[in-house]
Amino acid sequence: MKSIFTKLAVVLTSFIFITACDENEPAPDNSTTEVLENYANLVYANYDDVVKTAQSLSTAIDDFTTAPTTTNLEKARKAWLAARSAYGQTEGFRFYGGPIDNDEGPEGLINGWPLDESYIDYVVGNPNSGIINDVVAYPAITRDLLVSLNENGSETNLSTGYHAIEFLLWGQDFNADGPGDRPVTDYIAAQNTDRREQYLKVVTELLIDNLTEVREAWKLGAPYRTNFIAGEDDSIAKVFRGIGALSKGELAGERMTVALANQDQEDEHSCFSDNTHEDIRMNFLSIKNVYMGTYQRVDGSIVSGKSLADLVKAKNAEKNTAVQTLLKSVESSVYAIPVPFDKAISNGDPSKNIEKSILGLRRLSDSIVDAALSLGIQVNADLD
Amino acid sequence: MNKQSYIIILFTSIIGLFSCEEPKDQTPVDTQEELTGGLATSFDFGENAFGHAVSGLSYEDEDKFVIGNSFFRSNWTVAPASASARDGLGPLFNGLSCGSCHNLDGRAEPPKSPSESLNGLLFRISTSGFSVNGGPKPDQIYGDQLQDKAIPTVKPEVKVSVRYEEVIGRYTDGTAYNLRKPIYVFSGWGYGEPEANFMFSPRIGMQVFGLGLLENISETDILLNTDENDENRDGISGKANYVWDAINKRKSLGKFGWKANQPSLKQQTTAAFNGDIGITTSVFPVHELSESQGFLNEIPNGGEPEISDKNIDNVVFYLQTLAVPARRNHTDDNVLRGKALFTKLNCSGCHRPSFTTATNSIKQLNSQKIFPYTDLLLHDMGDALADGRPDFLATGNEWRTSPLWGIGLIKTVNKHTTLLHDGRARNIEEAILWHGGESQNSTESFKKLSSTDRNQLIKFVESL
């Protein structure tokens with residue numbers, strides 16, 4: 001399957017239906033609307049940062065391909081890392097069929113993972129593998145080509161997105177203590193240098209366009225945003241669903257459990273750049289941001305307002321405390337995971353912070369579902 | 001990480017709707033049949049419709065499911081790779097991962113033209129006689145399966161190209177229809193000519209959800225429907241295949257595969273790892289290489305075996321717990337009329353609607369009334385569909401009845417609608433028209449239907 005969390009959100013917003021046949025609809029609850037408005041502001045601000053950091057990445061990549069030096073490669077890598085930190089915080093906006101991942105949503109083009117790197121470029125043992133080195137089948141590296149090849153024939157045949165760029169900047173990781181170390185000569189004097197450069201530029205431009213499309217859907221006055229804010233408890237259920245599914249299935253399951261069980265760096269999220277610890281932290285932060293209704297922008301300014309926490313607290317203070325207590329404890333275990341993550345999964349985590357984080361994130365998800373229930377909203381964040 | 005297909009199911013909306021509207025005059029609906037897999041039913045009808053776990057898994061079982069999923073979908077790499085749990089591909093193979101032939105846990109599509117390479121279609125081959133286990137006798141060079149792909153520096157076994165011949169037919173009402181018959185050309189033999197007059201059987205990768213439920217149907221219940229000598233004189237026999245059980249070292253009832261030649265999911269899975277991806281397991285620990293291919297054994301492997309027992313168990317658990325998508329439109333009037341025709345034409349004679357599972361599995365899969373629309377038995381499907389290659393007790397004309405559940409969603413998940421063992425049918429209608437042998441009477445009756453009736457029957461099958 002694609003990703004277990006794409007599943008089904010069984011949102012039994014039953015009380016809406018009990019009243020659905022009534023002549024008189026109940027008046028909308030102001031606090032619900034306020035929470036949704038603040039959520040939409042937060043989502044827009046975060047995607048705006050995502051677009052801007054991707055633009056900086058694109059500039060750095062242009063500089064690098066124009067003058068392929070070690071310094072410029074390092075700058076491009078730094079720009080990628082910054083872009084990922086902004087993106088990681090948006091992943092709680094997934095899993096409910098919003099602009100990022102509805103049937104036409106670009107999520108698969110933006111953040112497809114896990115990725116078979118030999119689908120893109122050469123790997124150790126196969127110097128001619130990948131789209132870049134297949135001059136016969138793909139004479140020109142174009143945007144349309146990369147879009148058409150993404151997920152072609154296999155879920156891990158990924159040609160686009162952050163992780164494709166990551167591989168092109170870092171290369172395969174064979175270092176125990178650090179990330180991959182793609183030689184800068186890959187962009188100066190290696191086989192198909194020009195095609196590799198072209199690939200890197202095209203795939204980054206595509207990323208910006210895909211991200212921009214998502215951001216625009218959340219812009220003030222955009223139809224999706226307007227409908228979402230008017231969606232009352234139906235939309236609140238989606239907000240809960242997004243962070244519940246991210247916490248349990250995606251983060252604790254796909255991204256941490258599999259890697260820990262296999263002790264295989266190919267199973268860590270950012271396996272070329274060794275940025276997995278930051279991916280995990282930023283995904284956690286996404287859950288916290290949404291629940292608390294607060295987001296700190298890249299420029300340091302704060303977006304803040306009425307939150308899920310406020311809604312839950314007003315109905316059932318105890319359940320709100322339960323969520324917040326778990327947020328605190330998970331935060332400390334997530335930040336205590338040793339770096340790099342690929343070393344931590346191979347017996348490099350004596351305090352078992354990965355296991356603690358996995359268990360904590362599952363409990364956090366359960367407690368988020370429970371908190372939603374106190375508002376009369378049933379959310380399924382499970383693996384079904 | 002992947003594009004999400006999402007659905008919100010508002011169960012109560014149905015109730016809400018009915019409570020607001022006047023009750024309609026319509027054919028009675030079987031209320032149970034919406035839940036195709038009983039408790040193990042899922043409600044996502046988007047791109048990931050085949051990929052959901054049954055609900056209510058424990059944390060421990062969730063671990064097995066996600067790890068199994070990762071081994072199912074992720075491509076294997078050439079050994080030795082950087083400390084990888086997934087190296088050891090090949091040296092000969094048909095696909096890079098399970099997902100190569102079962103993309104999104106779904107069904108593969110055959111090449112549309114001679115220039116397209118195989119992607120999810122493979123060929124079993126054999127020569128006349130039997131293997132030591134009573135199965136097909138392998139070709140001396142190529143064994144019992146052709147691998148059309150190989151790792152760098154190694155020659156693939158063969159190149160297969162497919163072209164189609166159009167076959168024209170006519171319904172009783174005069175409407176013409178077209179079928180396409182595949183013609184295969186084998187060329188570029190990598191290791192010499194195979195034995196003269198070798199037999200071959202094309203097999204397409206099929207959807208893999210609901211397999212834990214099928215595995216949990218008791219042998220007694222399956223055998224209840226056998227009628228090898230057609231004693232009830234309905235033209236339909238129904239025969240069990242007894243095949244070599246490599247795990248228990250004896251003959252067992254075959255349940256899986258196009259000819260019911262695999263007795264268990266574990267054997268099906270480990271055989272596919274070995275034959276299709278070139279990954280060894282404790283069940284099949286060596287690569288099936290002939291003498292002239294023996295030098296390939298010198299190529300570095302990905303461990304012995306290349307995938308651990310624990311991870312095989314995870315993959316098998318994953319397959320067992322993939323839920324079945326619920327029915328769509330099962331209360332639609334046309335669908336209900338189509339359902340009546342399906343029974344009237346005796347399609348249900350082999351595509352048996354329902355079973356109740358036994359109690360040998362996890363709780364979500366036990367004692368469930370399920371609607372797979374198969375009897376899991378072999379039937380003569382006629383000369384036009386025959387591969388002419390016996391497989392244990394299955395003759396060259398016999399195939400296992402394919403389950404029909406989820407069939408209408410292949411289009412959404414895999415972006416095609418091709419059916420049958422070699423994908424020759426371009427849609428449900430063509431698949432019906434290819435049915436011969438024991439199903440000949442049903443097909444003839446189908447051809448006599450009005451176009452409205454034919455469409456209703458197809459609508460019903462699409463709703464499964």
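Q: Hi! Why does the 21 Å radius of gyration of chain A agree with a compact globule?
A: Hello! With 384 residues, a compact globule would come out near 21 Å, and chain A has 21 Å, so the two agree. Keep in mind that this is a predicted model.

Q: Good to know. What box does its C-alpha trace span?
A: Chain A spans about 70 × 50 × 40 Å along its principal axes.

Q: And how many helices and strands are in chain A?
A: Chain A has 14 helices and two strands.

Q: Let's look at a helix pair, then. How do helix 9 and helix 10 of chain A pack?
A: Helix 9 covers residues 232-262 and helix 10 covers residues 276-292; they pack at an angle of about 155 degrees, with their axes 9 Å apart. An angle over 145 degrees counts as roughly antiparallel, so helix 9 of chain A is roughly antiparallel to helix 10 of chain A.

Q: Is the crossing left-handed or right-handed?
A: Helix 9 of chain A passes helix 10 of chain A in a left-handed crossing.

Q: Which residues make that contact?
A: From helix 9 of chain A, they are A:V239, A:G242, A:I243, A:L246, A:S247 and A:L251. Helix 10 of chain A brings A:I280, A:N283, A:S286, A:I287, A:V290 and A:Y291. By type, the contact residues are eight nonpolar, four polar and no charged.

Q: Cool. What about helix 11 and helix 12 of chain A, at what angle do they pack?
A: Helix 11 (residues 308-315) and helix 12 (residues 317-335) of chain A pack at about 140 degrees, with their axes 5 Å apart. These two helices are therefore oblique to each other.

Q: Who's touching whom there?
A: A:A309, A:V312 and A:K313 of helix 11 of chain A meet A:A317, A:K319, A:N320 and A:Q324 of helix 12 of chain A. That contact divides into three nonpolar, two polar and two charged residues.

Q: Switching to chain B: how many helices and strands are there?
A: Chain B has twelve helices and 16 strands. Its C-alpha atoms fill a box of roughly 75 × 55 × 40 Å along the principal axes.

Q: What would the radius of gyration be for a compact globule with 464 residues?
A: It would be near 23 Å; chain B has 22 Å, which agrees.

Q: Last one: how do strand 7 and strand 8 of chain B pair?
A: Strand 7 (residues 159-170) and strand 8 (residues 176-187) of chain B pair in the antiparallel sense over twelve bridges. Within this pairing, B:V167 stands opposite B:L179 of strand 8.

Q: And what's in between?
A: Strand 7 and strand 8 of chain B form a hairpin with five residues between them, and B:G174 in the turn has a positive phi of about 95 degrees.

Conventions
Residues numbered from 1 in each chain as written. Chains lettered and ligands numbered in written order. Predicted model: local features only at pLDDT ≥ 70, side-chain atom pairs only at ≥ 80, totals over all residues. Pairing = 2+ DSSP bridges. Helix = DSSP H or I, 4+ residues; strand = E, 2+ residues; numbered from the N terminus. Axes fitted to C-alpha atoms, helices over the stretch in contact; angles between N-to-C directions. Parallel < 35°, antiparallel > 145°, perpendicular 65-115°, else oblique. Left-handed = near helix turned anticlockwise from the far one by under 90°. Contact = placed C-beta atoms within 7 Å. Nonpolar A, V, L, I, M, F, W, Y, C, P; charged D, E, K, R; others polar. Rg over C-alpha atoms; globule rule 2.2 N^0.38 Å.
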